[in-house]
Amino acid sequence: METTHRVVVGDARELSAVDDDSVELVVTSPPYPMIEMWDDLFAELDPAVDDALESGDGRAAFDAMHAQLEPVWDELERVLVDGGIACINVGDATRTVDGSFRVYPNHARVLEAFESRGFDPLPDVLWRKPANSAAKFMGSGMIPPNAYVTLEHEYVLVFRKGGDSRSFEPGADRRYEAAYFWEERNRWFTDIWTEVRGELQALEDGHEELRERSAAYPLEIPYRLICMYSTYGDTVLDPFWGTGTTSLAALCAGRSSIGYELEDAFREVFADRIEAAPELSRTIGRRRLERHREFVERRRAEGEEPSYDAVHYETPVMTKMEREIRFREVSGIEPLESADGYRAAHEPLVIE
Ligand SMILES: C[S@@+](CC[C@H](N)C(=O)[O-])C[C@H]1O[C@@H](n2cnc3c(N)ncnc32)[C@H](O)[C@@H]1O
């Protein structure tokens, strides 16, 4: 199996390199309006943002920033297939403008934007960043009533384009082989994720500082979402590509990807990151099977034996639907002739 991973250095408000109805899944994290690190970017897209901030009008700045995301949401509506899914990772912002502190609810604005374009909202996920210090509390300390709750969660908003889910031919290999384990389903399809940083992050050393600077999300987030909402061979789009975490996850998960990014420099970062993709894809597959075997051991210790046997790996599984599960490893990567991305070869991952 082959996948491609294209990167367009350009403005996602016009995804001209992406055809209508050509993408099965969107996984992305936009610049968050009213978070200071993105003020300059929004002001470059629309000088009205700067005017609003300088005149102390937080509400107008918030509106103007979201107005710059709207054309991207229009484009997602155009390029997604019917029944395709969009997963938008976004956090709310807290900020004091002109002496007044408040929350700017980005997630509510994005939800409205997708609903108004005819997308069906699906249940969303909250993921929680671990709290690291008691000093983070804002407001007046131990005396009521003017202290504020600290925001330590972000949203993954999930939308489906059109009323119907995607359909597949009966027994489609690419769908059944992309199955997840029963206990993974139980973990992934809960609405609060707490351990996402720890999961795959440790496998990709050396990029911690860069992740901070580029507001990259943990690899576990796009990896899970891709496994949950697409099948082998699908195409995943990230219009706010950053350091390419979504493409790296797509590579490891055997899906094609396409990214749009304003900053040319991030392509070099990605070129570094994908060198590790073959090893990373193997480690991820092995770890998933290892965790599954540990789960089976725990069930057995409780006196319960899973009912089915997996076809490609030596392990029992809980349900018939997991029997065909088969991980893919990246067996080779080469630049595309057009030089705007990579082609990857994938083989079924063999694990004894
Ligand atoms: C929150 S970061 C995404 C980080 C990414 N998820 C990662 O893991 O590295 C948002 C990115 O969107 C880019 N961006 C913002 N507006 C854009 C636009 N209109 N078109 C393309 N890229 C844009 C920014 O340069 C930034 O890299």
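**Around the ligand and across the sheet**

Biologist: How far is a polar side-chain atom of Glu261 from an oxygen atom of the ligand?

Modeller: That distance is 2.6 Å, and a pair of N or O atoms within 3.5 Å is what I call a polar contact. This is a predicted model, where local features need pLDDT of at least 70, side-chain atom pairs count only at pLDDT 80 or more, and totals for chains, interfaces and linings use all residues. Residues are numbered from 1 along each chain as its sequence is written, and side-chain values use heavy atoms, leaving out hydrogens and water.

Biologist: How much of the ligand's accessible area does the protein cover?

Modeller: Of the 610 Å² that the ligand has on its own, the protein covers 99% (Shrake-Rupley method, 1.4 Å probe).

Biologist: And what do Thr243 and Asp11 do there?

Modeller: Thr243 has a polar side-chain atom 2.6 Å from a ligand oxygen, while one on Asp11 is 2.9 Å from a ligand nitrogen.

Biologist: Which residues come nearest overall?

Modeller: Asp11, Ala12, Thr243, Thr245 and Glu261, out of 23 around the ligand (a heavy atom within 4 Å). By class, that shell has 14 nonpolar, six polar and three charged residues, with Gly counted as polar.

Biologist: Switching topic, what is the strand order in the sheet?

Modeller: The open sheet of 10 strands runs β8-β6-β7-β3-β2-β9-β10-β1-β14-β13, with mixed pairing. Strands are DSSP E runs of at least two residues, and two of them pair if DSSP finds at least two bridges.

Biologist: Which strands sit at the edges?

Modeller: β8 (192–193) and β13 (328–335), each pairing on one side only. β13 pairs with β14 (341–348) in the antiparallel sense over seven bridges.

Note on methods:
Helices (H or I, at least four residues) and strands (E, at least two) are DSSP runs, numbered from the N terminus. A polar contact is a pair of N or O atoms within 3.5 Å; within protein, one must be able to donate a hydrogen and the other to accept it, and residues adjacent in sequence count only if both atoms are side-chain atoms.
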